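Visitor: Pick a single part of this model and give me a close look at it, please. Once that part is clear, show me what else is worth a stop.

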Amino acid sequence: MRRISKLTRVAVGVASLALAATACGGTSSDNGGSGGGDKGDKGLAIAYDIGGKGDQSFNDAAFAGLEKAKKEFGYQTDDVEPTEGETDADKEQRLASLARQGYNPVIGVGFAYGPAMKAVAQKYPQVTFGIVDSVVEGKNVASLVFAEEQASYLAGVAAAKATKTNTVGFVGGVDIPLIHKFEAGYKQGVQDTSGGKVKVISQYLTQTAEEGGFSSPDKGKAAAEGQIEKKADVVYQAAGLSGQGVIEAAAKAKVWAIGVDSDQYKQAALSAYKDYILTSALKDVGGAVYALAKSVHDGKPLTGTQTFDLKEGGVGLSESNPEYAKIPGLADAVNKAKEGIIDGSIKVKTE
């Protein structure tokens, strides 16, 4: 299988496209389809992760990439929601259905699609498949992975500069290696910036995704409230839909929240809390979705591991909130950290 370690720069702004479209339903698909999925004449289809469309974060970023591809290439698209308590067999059936209908590429949004993707890709060798946040071996599979720890390091730098209590928080959705990357980078950014003077309180909402760690705003809210009671005045969340509860709790207490994946300051559904969203650790899921769609459209499908990092523009930190620029030393510290990560003088931990 052809391996590609880096992807040509994609537009970081894709993940923060206006998400008014997220309030709408997915585009409809023609279940008649094209038979065996080999023609691939319908264009892009995505299958959402837990939390589905409307999470104002991970899944919505993927939808933004789909919308960009749809507008640019003028083809039919589809986006399909997960079901509660579904199995790998359910995911496999969903991906296979999209392939049979003629969609190409077909993208599973989230590591949970790993086993299903591996099985289905072998059955539809003429269809290009993509998976976000996981590596799946296959000649026709593109694994779209990110340096989340790098964006999280920048979030940690911002938190260390913004805190007045010298206590900040981290809320992870599920206790898994992927989310450990967010925590590790954040903690390192906080400690490097503060010289160890700022304390980081960490909490994971659940041990498994099935318990609702990525889909329960109430759990996120409760966790953030607990950290705020312990004097945390900046709380960073990597918790999908559950992160909305973290942001709500921070706004209610008038402390800072740090968003994730999309620029959550700009999300319409979070507008009531935007004044308290200091920044967001960006992860250009939309750009990755679009890049894979474009490669298939151009007749040169990407395969293998595609890594989106800070140097390539695949991750970053938002600056949308005007208050970001007003905190003494914050912007300069973040910019210095960016330079260090890109030139290699700062090595960010992943665990």
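Guide: Let's settle one bit of vocabulary: a residue is buried under 20% relative accessible area, exposed over 50% and partly exposed in between, with a 1.4 Å probe and only protein chains counted. What you have is a predicted model, in which local features need pLDDT of at least 70 and side-chain atom pairs pLDDT 80 or more, while totals for chains, interfaces and linings use all residues. Numbering starts from 1 along each chain as its sequence is written, and side-chain values use heavy atoms, leaving out hydrogens and water.

The protein has 9 helices and 12 strands (DSSP runs numbered from the N terminus: H or I of at least four residues, E of at least two). Buried residues account for 60% of its 351 residues. Look at the contacts (heavy atoms within 4.5 Å) with a separation of 6 or more: 72% of them are between residues 24 or more positions apart.

My pick for the close look is helix 5. With 18 residues, helix 5 reaches 26 Å from its first C-alpha to its last, close to the 26 Å expected at 1.5 Å a residue (that is, 1.5 Å times one less than the number of residues). Its buried residues are a mixed bunch, including Leu178, Ile179, Phe182, Glu183, Gln188, Val190 and Ser194. Two glycines, Gly185 and Gly189, are buried there too. As for partners, the buried residues of helix 5 pack against helix 4 and five strands: strand 6 (167-174), strand 7 (199-206), strand 8, strand 9 (256-261) and strand 10. Just past the end of the helix comes Gly195, with a positive phi near 65°.

Now zoom in on the rings. The whole structure has 7 aromatic pairs (Phe, Tyr or Trp rings, the six-membered one for Trp, with centres within 6.5 Å; stacked under 30 degrees between planes, edge-to-face over 60, tilted for the rest). Tyr186 pairs with Tyr236 in a tilted arrangement, 4.9 Å centre to centre and 50° between the planes. Since Tyr186 sits in helix 5 (residues 177-194) and Tyr236 in strand 8 (residues 234-238), the pair ties together parts that are 50 residues apart in sequence. Both tyrosines, Tyr186 and Tyr236, are buried. They have company: ring pairs join Phe170, Tyr186, Tyr204 and Tyr236 into a cluster.

Strand 9, one of the partners of helix 5, has an oddity of its own. Asp261 belongs to that strand and has a phi near 70°, positive even though the residue isn't a glycine. Asp261 is also buried, at 6% relative accessible area. Compare Asn166, again not a glycine, with a positive phi of about 60°. Asn166 lies in the loop between helix 4 and strand 6 and is partly exposed at 38%.

Helix 4 (148-162) and strand 10 (277-283) turn up again as packing partners of helix 9, along with strand 12 (315-317). The buried residues of helix 9 are Leu330, Ala333, Val334, Ala337, Gly340 and Ile341. Viewed down the axis of helix 9, they fall within an arc of 120°, so they line one face (the arc is taken over directions from the helix axis to the C-beta atoms). Flip to the other side of helix 9 and you find Asp332, Lys336, Glu339 and Asp343 exposed. The 14 residues of helix 9 (330-343) should span 20 Å at 1.5 Å a residue, and the end C-alpha atoms are indeed 20 Å apart. Then Gly344 follows helix 9, with a positive phi near 90°.

One last stop, at helix 3 (residues 114-123), where Gly114, Ala116, Met117, Val120 and Ala121 are buried. These residues fall within an arc of 150° seen down the axis of helix 3, so they too line one face. Gln122 and Lys123 are exposed on the other side of helix 3. The buried residues of helix 3 pack against helix 2 (88-100), strand 3 (103-109), strand 4 and strand 5. Strand 3 is where you'll find Pro105, and the Asn104 to Pro105 peptide bond is cis, with omega near 10°. Finally, Lys139 lies in the loop between strand 4 (129-132) and strand 5 (141-146). Its relative accessibility of 74% makes Lys139 exposed, and the Lys139 C-alpha is 8.5 Å from that of Ala121, 18 residues away along the chain.
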